[in-house]
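User: Hey, could you walk me through the holes and the helix packing in this one? I'm new to this, so plain words please.
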Amino acid sequence: MLSLFPPTFKNRANGMRVDIAEALAEMGPSFFRLPGGNNLEGQTVATRWQWNNTVGSLVNRPGRVGDWGYVNTDGLGLLDYLNWCEDVGMEPIMAVWSGFALGGTSVAETQLGPYIQQAIDQINFVIGDPSKSAAAALRASLGHPAPFALTYVEVGNEDFFAASTLVACLTVTPHTHRHI
């Protein structure tokens, strides 16, 4: 594998570009929503963001088809996002997959068990005790034995389940409905 990254922000392995991270840090953001909405959902169930495919060695991350037809290497993974939040002083707002994909596919309620477990493992990776959770033990083995700060978990990505709810959201004035 070849990386063209120059030195990174706070010298993190697989960290952020210094210029971009410093520009963001200078703005003083208080939170960062991750991994990003459409990135989370994927066009299909198979191409959704899966936290466990985004941690560890870059050469072992399988990647996937991105939402707009490009290859997403998942080179910026869950641990990388969390380290960045910690380095900049941002509170992470972490999303877990809700069972819906952008292409319109949804997982039946009776089939959600493995996906719920994956969400539980994702949360445990972030805040779990390494002596009680395999996901937290993985985090510790990757160099962050202490839990990260995590107060908010978002389920899904601004999912709208009917045309009427989408229309209602789109007609709300900017003064009452804002995203960062």
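Analyst: Sure. The largest cavity has a volume of about 70 Å³. Keep in mind that this is a predicted model.

User: How many cavities of 30 Å³ or more does a search of the whole structure find?
Analyst: Just one.

User: Ok, and which residues line the largest cavity?
Analyst: Its lining is made of Leu40, Trp49, Gln50, Trp51, Trp97, Tyr115, Gln118, Ala119 and Gln122. Helix 4, residues 113-127, gives the largest share, with four residues.

User: What's the split into nonpolar, polar and charged for that lining?
Analyst: Six are nonpolar and three are polar, with no charged residues in the lining of the largest cavity.

User: Switching to pockets: what volume does the second largest pocket have?
Analyst: About 300 Å³. The second largest pocket has 21 lining residues, and Ala13, Asn14, Leu79, Asp80 and Asn83 lie nearest its centre. By class, that lining has nine nonpolar, eight polar and four charged residues.

User: Now the helices. At what angle do helix 3 and helix 4 pack?
Analyst: The angle is about 40°, and the axes of helix 3 (residues 78-88) and helix 4 are 11 Å apart. That angle makes helix 3 oblique to helix 4.

User: Is their crossing left-handed or right-handed?
Analyst: Helix 3 and helix 4 cross in a right-handed way.

User: And which residues make the contact?
Analyst: Helix 3 brings Leu78, Leu79 and Leu82, while helix 4 brings Gln122, Phe125 and Val126. Five residues of this contact are nonpolar, one is polar and none is charged.

Definitions and conventions: Residues numbered from 1 in each chain as written. Predicted model: local features only at pLDDT ≥ 70, side-chain atom pairs only at ≥ 80, totals over all residues. Heavy atoms only, no water. 1 Å grid on protein atoms, 1.4 Å probe; cavity = no way out; pocket = protein on both sides within 12 Å on 5 of 7 lines; lining within 4 Å. Points joined across faces, edges and corners; volume = space filled by probe spheres on them. Helix = DSSP H or I, 4+ residues; strand = E, 2+ residues; numbered from the N terminus. Nonpolar A, V, L, I, M, F, W, Y, C, P; charged D, E, K, R; others polar. Axes fitted to C-alpha atoms, helices over the stretch in contact; angles between N-to-C directions. Parallel < 35°, antiparallel > 145°, perpendicular 65-115°, else oblique. Left-handed = near helix turned anticlockwise from the far one by under 90°. Contact = heavy atoms within 4.5 Å.
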